[in-house]
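Reader: I am new to this structure and would like a close look at a single part of it, followed outward into its surroundings. Please take your time over the answer.

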Amino acid sequence: VAPISNTSTNLVAGRRAVQFRRPASQQQARSTVKAMAQKRAGDEEKMALVNKAKCFIFDCDGVIWKGDKVIDGVPETLDLLRSLGKRLFFITNNSTKSRAGYLKKFQSLGLPVQAEEIYSSSYAAAAYLESINFQKKAYVVGEEGIQEELDLKGIKHLGGPADGSKSVNLKSGEYMHHDPEVGAVVVGFDRYINYYKIQYATLCIRENPGCLFIATNRDAVTHLTDAQEWAGNGSMVGAIMGSTKREPNTVGKPSGFMLENIANTFKLQKDEICMVGDRLDTDIMFGKNGGLSTCLVLSGVTTEEALLSPDNTITPDCYMGQLSELMSVKDKLKVAA
């Protein structure tokens, strides 16, 4: 019997499996149970969240800002958490800027943040290569952020924006040469991706023995502006996955590389860290995979409808409309402190 959506299977010995449609009331019951299990955080849940955590890790896009605009109430909320002695870190899968570049963005938005508190996927890519004692060249499909971080680690590289204007003339006998010393292809978000870059990356991965394929992230969409969602790095990574038939090593969320780096560098216990993000499949999964407390905010990608859908299997410990909702317990937290 062909599968039917929203169905269950009744197996009877010696008989063919029979499919029957689940009653609508059962679907509604599942949604109700899920909504109860993921109740929007009230004052009690907010107090418990803040009191348990000694450290907060925030995603940036959709949590701290959207495009080039700070989300309402974020500066005051960060000030509150710092006044309570909480350590704060800011991690982003966006690799277009280096940590120095993101520091400038924080400062331009009036957010007092230290460079050591920022972790970008561009930094993660360079830190990963450093951790394996990488000695060859890296070919970059991406922007300046990756190259700046590679420079700081002393890793030789080529590609990046310099290849943004290159084109391929597919005349008879056309042959593209590539550097045999490339030992890693790093793919990050690239507004100037073109066929030349895809082919060069493909040749390195397929023809250079042992060449690594590293993705800064595989996000489907991203908030480049506050007006709409834009195709994310998953589209760039997917193109090269298709031509190489290789799975990349992803160093950004939900991979645990950045978390391990933060926890080890600053001697943090993971059960004392809370991850706050706007994406279920990256931010919340990142936190759950790492053993952290998790809080979803609805100011970015994920809607309440998607969170409470029976099809969603990723459950945060709590959720709020936006980060500034923590301010509703400011006075209680101050008294408790």
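Which strands and helices do the buried residues of α9 pack against?

Author: Before the answer, one caution: this is a predicted model, and everything that follows should be read in that light. The buried residues of α9 pack against the strands β3 (55-59), β6 (87-92), β7 (118-120) and β15 (273-277), and also against the helices α5 (121-131) and α10 (280-289). The helix itself covers residues 257-266, and its buried residues are Met258, Leu259, Asn261, Ile262, Ala263 and Phe266. After the helix comes Lys267, a residue with a positive phi, near 55 degrees.

Of these neighbours, α5 can be described in some detail. The axes of α5 and α9 lie 10 Å apart, and the two helices pack at an angle of about 75 degrees. Because an angle from 65 to 115 degrees counts as roughly perpendicular, α5 is described as roughly perpendicular to α9. On the side of α5 the contact is made by Ser121, Tyr123, Ala124, Ala127, Tyr128 and Ser131, while α9 contributes Phe257, Met258 and Asn261. Sorted by character, the residues of this contact are six nonpolar and three polar, with no charged residue among them. Met258 and Asn261 thus appear both in this contact and in the list of buried residues of α9.

Tyr123, which takes part in the contact with α9, also offers a link to another helix. Its C-alpha lies 9.5 Å from that of Leu152, although 29 residues separate the two in sequence. Leu152 belongs to helix α6, which covers residues 144-152, and this leucine is exposed, with a relative accessible area of 68%.

The strands that α9 packs against can be placed in a sheet. Six strands make up an open sheet in the order β7-β6-β3-β15-β16-β17, with parallel pairing. Its edge strands are β7 and β17 (318-320), each of which pairs on one side only, and from one strand to the next the twist averages 20 degrees. Towards the β17 edge, strand β16 (residues 293-297) is joined to β17 in the parallel sense by three bridges, and Val297 has Met320 of β17 as its bridge partner.

Another helix, α3, is associated with this sheet as well. It lies across β3 and β6 and runs at about 140 degrees to β6. In α3, which covers residues 74-83, the buried residues are Val74, Thr77, Leu78, Leu80 and Leu81. These residues lie on the same side of α3, because they cover an arc of only 155 degrees around the axis. A general rule of helix geometry is useful here: an α-helix has 3.6 residues a turn, so residues three or four places apart point the same way. Following α3 is Gly85, which has a positive phi, near 85 degrees.

For the wider setting, there is also an open sheet of five strands, in the order β9-β8-β10-β11-β14, again with parallel pairing. Here β9 (157-159) and β14 (249-250) stand at the edges with a single partner strand each, so one side of each has no neighbour in the sheet. Strand β8 (residues 137-141) is joined to β9 by three bridges, the two running parallel; Tyr139 has Leu158 as its bridge partner in β9, and Val140 stands opposite Gly159 of that strand. With β10, strand β8 pairs over five bridges, also in the parallel sense, and there Ala138 has Ala184 as its bridge partner. Four of the five residues of β8 are buried, which leaves this strand mostly covered. Helix α8 (residues 233-244) lies across β8, β10 (182-187) and β11 (212-215), and runs at about 160 degrees to β11.

A last residue to look at here is Asp179, which is found in the loop between β9 and β10. It counts as buried, because its relative accessible area is 16% and the cut-off for that description is under 20%. Setting aside neighbours within four places in sequence, Asp179 is in contact with Lys137, Tyr200, Cys204 and Asn208.

Conventions. Residues numbered from 1 in each chain as written. Predicted model: local features only at pLDDT ≥ 70, side-chain atom pairs only at ≥ 80, totals over all residues. Heavy atoms only, no water. Buried < 20%, exposed > 50% of the residue type's maximum accessible area, 1.4 Å probe, protein only. Arc of directions from axis to C-beta. Contact = heavy atoms within 4.5 Å. Pairing = 2+ DSSP bridges. Axes fitted to C-alpha atoms, helices over the stretch in contact; angles between N-to-C directions. Parallel < 35°, antiparallel > 145°, perpendicular 65-115°, else oblique. Nonpolar A, V, L, I, M, F, W, Y, C, P; charged D, E, K, R; others polar.
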